[in-house]
Amino acid sequence: MKTKIKLSIVGLSIVSLLTGCESQQSNEVKVSKPQLKEYFQKSINNNAELLSKYADSLESNQNLTKPAAKKSISDANSINKKLKNNTINKKATQDLIQLNKSSKEWAKAYEDNDFKTVNKKAYTVGQHTGKVMKDLGISKSSAVLSKYIKASNKLGEVEKKLPHIEGKTAITNDSKIEITGSQMAPEYEGKKTLIVYYTATNLTNEPEDAYSLLLDSGDFYQDNGNSYKELDMGMLDTDWEDAHPEIRDLNSQGVENKLKPKLSIKSAAYFELSNDQNPILYQIRDPETREKLGTIKIPLNN
C-alpha cells in the first residue's frame, strides 16, 4: 500500500509537470513588429499626455497629471502582460517592456508630486524610447512621435516663462539680469573690490532701478576657504573712479534711475571681496518664493 501511495505521488508529480509544460506552451504568443509598433505608439502617446498635463500644471500651479499618470500605469501593465510570453522579436519586446516599466515609475513620480524623481526618470524613459525606436526602425521624424514632440514643445514654451537661468542670464517674473563682465578695481583703504557689469530688464509693471532688480534676483557670495561669505557693496578709490567716469556713470544710472517696464539698461555694481583668488557666485533665487534656481559664476576678471 505504501509503495502504491509513493507511485501515485510520483504519478501526480509527472502529470503536474506535463500540465505545467502544456500551460506554458499555451501562454506563448507571437507579437509581430506592426503589433509592437502599435503598443509603442500607445506608450509614447501616454507619455506625451503626461508632458502636456505637466505643462498645464506649471501654468496653473496645481498638479493636473494624476489622471494621465493613472492611465499610463494601467496601460503599461496591460501591454507588458501581453508581451510577457512573446516568442518572436525578442529584443524589441524586452526593450518595450523596459520602456513601459520606466514609464510607470515616471508616471508614479508625477502622481506623487515627486518632481525630482520625474527629472531623473525622464532620462531613463528617453534611453529606452531610443532603443525601441531603433529596434522597430522608427525614425525621429516619424508620425508615431508627433504627439510627443508637440507635447515636448508645449512644455518647453511654458518652462521658458518660469524663473530659470540661461548661461550668464537669470530670468525671473520680475527681471532679466545678464552678467556681461567683471573687472578688479585697485584697492581702496586696503579692501579689494570687484566691478560686475550687467544688463537689467524690468519685467514688472512698475518703474524699478537696475540695482534693486539685481539684488532681488539673488545673493552674491565668495568661497572663503572653509565657508561662503556673502559680499557687501564695495567702494572705489575716488581718484581711480574720477579717471574712469564711464564706470561711475554706469553705476549711477543703475542706482539712481528708475527703469520703465519692459525696458533694459546697462549698469555696473561694486562688491567688496573676501579674497582675490576665487570667483564670485551669484546665487539666483525666485523673488516671489525665494526658491534657489542655481548659480552664475563670475570670474574676477572677464
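In which loop is Arg-290 found? In this predicted model, Arg-290 lies in the loop that runs between β8 (280-285) and β9 (292-298). The residue is not a glycine, yet its phi is positive, at about 65 degrees. With a relative accessible area of 35%, Arg-290 is partly exposed, because that value falls between the 20% and 50% cut-offs. A positive phi in a residue other than glycine is also found at Asn-89, where the angle is near 50 degrees. Asn-89 belongs to the loop between α3 and α4, and its relative accessibility of 25% places it in the partly exposed class.

The strands on either side of Arg-290 lead to the sheet. Both β8 and β9 belong to an open sheet of four strands, in the order β6-β5-β8-β9 and with antiparallel pairing. In general, strands of a sheet pair through backbone hydrogen bonds, in either a parallel or an antiparallel arrangement. Here the edges are formed by β6 (228-230) and β9, each of which pairs on one side only. From one strand to the next, the twist averages 30 degrees. Three bridges join β5 (residues 218-223) to β6 in the antiparallel sense, and Tyr-221 stands opposite Glu-230 of β6.

Turning to the interior, the largest nonpolar core comprises 34 residues, and Phe-40, Leu-83 and Leu-96 have the most contacts inside it. Two or more residues each come from α2 (33-60), α3 (66-83), α4 (90-111), α5 (115-136) and α6 (146-160). The greatest contribution is that of α2, which supplies nine residues. Leu-83 offers a handy view of this packing: once neighbours within four places in sequence are set aside, its contacts are Val-31, Leu-36, Tyr-39, Thr-93, Leu-96 and Ile-97. A second core, separate from the largest one, has 24 residues, including Leu-194, Val-196, Ile-265 and Ile-296. As a general tendency, nonpolar side chains in soluble globular proteins are buried together.

A word on confidence may help when browsing the model. The mean pLDDT of the protein is 90, and 91% of its residues reach 70 or more. Among the elements, strand β7 (residues 264-272) has the highest mean pLDDT, at 97, whereas helix α1 (residues 2-27) has the lowest, at 43. Over residues 1-24 the pLDDT is below 50, and this stretch has zero contacts in the model beyond near neighbours in sequence.

Methods:
Residues are numbered from 1 along each chain as its sequence is written. This is a predicted model: local features need pLDDT of at least 70, side-chain atom pairs count only at pLDDT 80 or more; totals for chains, interfaces and linings use all residues. Side-chain values use heavy atoms; hydrogens and water are left out. A nonpolar core is a set of buried Ala, Val, Leu, Ile, Met, Phe, Trp, Tyr and Cys residues joined through side-chain atoms within 4.5 Å. Buried means under 20% relative accessible area, exposed over 50%, partly exposed in between (1.4 Å probe, protein chains only). Contact means heavy atoms within 4.5 Å. pLDDT is the predictor's confidence in each residue, from 0 to 100. Two strands pair if DSSP finds at least two bridges between them. Axes are lines fitted to C-alpha atoms, for helices over the stretch in contact, and angles run from 0 to 180 degrees between N-to-C directions.
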